[in-house]
Amino acid sequence: MARIMTVPAGEARGLRGLIVRMVRRQYGGVVPGIFEILMPDLQVNLPTGWLYNHLHMRKSSPLTRLQREMLATVVNGAVGGAP
């Protein structure tokens, strides 16, 4: 098992807890795993989240949300991710 430091959403306190609540609201009640991996370092997490939202979640994105989800499913399978 990889030793990657994470901050589980249920254990986030302070500023991290506030960010978890915002992300949970944005993603329909779930917190993406990559968010938990980036959470220990907020100087990386916040700009990465902004970049992801700008490229994928904005209204003028070239892909629909469904297309992005389908792409994520294919990539997850290609890299041997969890089902």
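**A four-helix chain and its largest pocket**

Val20 is buried, with a relative accessible area of 4%, where buried means under 20% relative accessible area, exposed over 50% and partly exposed in between (1.4 Å probe, protein chains only). The model is a predicted one, in which local features need pLDDT of at least 70, side-chain atom pairs count only at pLDDT 80 or more, and totals for chains, interfaces and linings use all residues. Residues are numbered from 1 along each chain as its sequence is written, and side-chain values use heavy atoms, with hydrogens and water left out.

The protein chain has four helices and zero strands, in the pattern α-α-α-α along the sequence. Helices (H or I, at least four residues) and strands (E, at least two) are DSSP runs, numbered from the N terminus. The C-alpha trace spans about 35 × 35 × 25 Å along its principal axes. Of the 83 residues in the chain, 17% are buried.

Val20 belongs to helix 1. Its C-alpha lies 9.1 Å from that of Met39, with the two positions 19 residues apart in sequence numbering. Leu38 is in helix 2 and counts as partly exposed because its relative accessibility is 21%. The C-alpha atoms of Leu38 and Gly49 are 9.2 Å apart in space and 11 residues apart along the chain.

The largest pocket holds about 880 Å³ of space. On a 1 Å grid over the protein atoms alone, a pocket is an open set of points where a 1.4 Å probe fits, with protein on both sides within 12 Å along at least five of seven lines; lining residues have an atom within 4 Å of a point. Grid points are joined across faces, edges and corners, and the volume is the space filled by probe spheres set on the points.

Lining this pocket are 26 residues, and Tyr27, Pro32, Ile34, Phe35 and Tyr52 lie nearest its centre. Helix 1 (15-26), helix 2 (33-38), helix 3 (42-57) and helix 4 (65-78) each give two or more residues to the lining. Helix 3 supplies the largest share, nine residues. By class the lining has 16 nonpolar, seven polar and three charged residues (Ala, Val, Leu, Ile, Met, Phe, Trp, Tyr, Cys and Pro count as nonpolar, Asp, Glu, Lys and Arg as charged, and the others, Gly among them, as polar).

On the surface, Leu63, Leu71, Val75 and Val79 make a nonpolar patch of about 350 Å². Patch residues have over 30% relative accessible area and no salt bridge, with nonpolar side chains (Val, Leu, Ile, Met, Phe, Trp, Tyr) joined within 5 Å. Leu63 sits in the loop between helix 3 and helix 4, and is partly exposed because its relative accessibility is 35%.

Technical notes:
Patches are made of residues with over 30% relative accessible area and no salt bridge: like charges are joined within 9 Å, nonpolar side chains (Val, Leu, Ile, Met, Phe, Trp, Tyr) within 5 Å. Accessible areas come from the Shrake-Rupley method with a 1.4 Å probe; for residues, only the protein chains shown count as cover. A salt bridge is a side-chain nitrogen of Lys or Arg within 4 Å of a carboxyl oxygen of Asp or Glu.
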